[in-house]
Amino acid sequence: MDIAIKEVLMNFFPEEEIVAVGPHGSGHINHTFAVETANQKKYVLQKINTDIFKDVEGLMENVVNVTAYLRRQIAQEGGDPERGTMRVVPTVDGKYYYVDAQGGCWRVYVLIDNVISLDQAENEEALYASGLAFGRFQAQLTDYPAHTLHETIPDFHNTPKRYETFEKAVQEDICHRAQSVSEEIAFIRARRTDIEILSNLLQAGELPLRLTHNDTKLNNVLLDPETYEAVCIVDFDTIMPGLTAYDFGDAIRFGANTAVEDEPDTSKVSLSVPLYQAYVKGFMEGCGDRLTPKEVETLPQGAKTITLEQGIRFLTDYLQGDTYYQTTREGQNLDRCRTQLALVADMERKWDQMRV
Ligand code: GN1
Ligand code: MG
């Protein structure tokens with residue numbers, strides 16, 4: 001085992017014998033490992049990316065407080081709080097994360113066993129279940145004191161701001177890549193309305209700010225491998241006030257795409273209407289009567305805007321030299337961008353079928 005990881009684990013479980021440590025999940029930001037002890041306990045160990053999450057103290061406070069709140073809600077609803085939400089394991093000093101000698105920040109969760117996490121939808125059941133889970137999540141957090149949350153990444157889903165950063169990256173063009181992606185740049189520039197529309201409605205007071213997850217990818221919902229029912233929502237790093245349409249939309253962007261996020265062949269990319277509808281059904285059921293008519297009406301726009309935003313973010317990173325998202329091959333961020341833009345184009349073709 002890696003010496004550094006061994007030393008980190010000593011600060012969480014000094015008495016446990018660790019028998020296995022291996023990579024876990026498919027996140028693009030933090031480094032994640034699954035850990036197993038000799039007496040068969042399993043944990044998730046994560047090295048938090050502090051270039052991106054600069055306020056780890058605030059982030060962990062959010063995670064601990066929101067999971068504690070959800071545990072109470074789940075127990076009241078008769079569910080199993082130990083499987084229904086994450087549990088942070090403290091360090092021997094009672095802290096929620098450990099800082100190593102190089103300043104690296106590490107945290108541990110209890111691993112939730114016998115579940116699957118899908119990078120691509122296998123069936124409508126998975127989309128329905130994840131929609132239901134995220135709808136309920138929003139309902140469960142309706143009365144959470146949102147003002148006590150730390151903003152872990154300012155302007156995270158501020159699409160106009162993301163667009164400004166993108167334009168700056170195009171102008172600076174530090175890697176001399178802009179010319180080779182002129183088509184993608186033009187595609188984005190032609191969609192200014194989609195970039196601004198939801199922010200404008202928020203500013204005008206026509207859409208409410210809610211407590212949102214902000215990273216509602218299908219693989220952030222752990223599912224029962226047999227029934228495909230949702231067991232637990234994970235990745236609370238970006239829980240912040242936000243728009244319902246974005247949480248809805250990010251789940252569609254990822255889960256209702258017929259291709260994986262970094263598919264190099266964009267002819268495989270499309271919006272699956274049955275998967276879309278399955279998510280809508282679950283999400284609407286999960287939210288109950290909590291959404292305003294305007295929120296319901298703007299859900300499809302949320303899907304389009306966040307897909308475009310994600311395309312903008314991947315292209316910005318490609319233009320800036322691939323420093324934000326982890327990549328395992330050359331051109332991966334560009335492929336990721338292209339899948340997003342292809343999906344936006346397909347949503348435009350299927351717009352009439354997306355009405356909720
Ligand atoms: C990042 O690390 P991961 O996979 O949970 C990103 C999300 C993106 C997503 C794209 C903090 O999430 O915003 O939607 O990649 N997280 C952050 O797959 O930027
Ligand atoms: Mg995430």
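An oxygen atom of ligand 1 is 2.7 Å from an N or O atom in the side chain of Gln310, a polar contact (a pair of N or O atoms within 3.5 Å). Taken alone, ligand 1 exposes 440 Å², and the protein buries 96% of that (accessible areas come from the Shrake-Rupley method with a 1.4 Å probe). Keep in mind that this is a predicted model, where local features need pLDDT of at least 70 and side-chain atom pairs count only at pLDDT 80 or more, while totals for chains, interfaces and linings use all residues. Residues are numbered from 1 along each chain as its sequence is written, chains are lettered from A and ligands numbered from 1 in the order in which they are written, and side-chain values use heavy atoms, with hydrogens and water left out.

**Around ligand 1**

- Sixteen residues surround ligand 1, and Lys217, Glu261, Gln310, Arg313 and Tyr324 come nearest (near here means a heavy atom within 4 Å).
- Glu261 has a polar side-chain atom 2.7 Å from an oxygen atom of ligand 1, and for Arg313 the distance from such an atom to a ligand oxygen is 2.8 Å.
- The shell splits into seven nonpolar, three polar and six charged residues, with Tyr counted as nonpolar and Gly as polar.
- Helix α11 (residues 299-319) gives the largest share of the shell, three residues (a helix is a DSSP run of H or I, at least four residues; a strand is a run of E, at least two).

**Strands β1, β2 and β3**

- Strand β1 (residues 18-23) runs antiparallel to strand β2 (residues 31-37), and five bridges join them (strands pair if DSSP finds at least two bridges between them).
- Across that pairing, Val21 has Val35 in β2 as its bridge partner.
- β2 is also joined to strand β3 (residues 42-48), again antiparallel, by six bridges, and Thr32 partners Gln46 in β3.
- Four residues lie between the strands in the hairpin of β2 and β3, where Gln40 takes a positive phi near 60 degrees.

**Strands β8 and β9**

- Three bridges link strand β8 (residues 221-223) to strand β9 (residues 230-233) in the antiparallel sense, and Val221 stands opposite Ile233.
- This hairpin has six residues between its strands, and Tyr228 in the turn has a positive phi of about 65 degrees.

How values were computed:
Polar contact = N/O pair within 3.5 Å; in protein donor to acceptor, adjacent residues only side chain to side chain.
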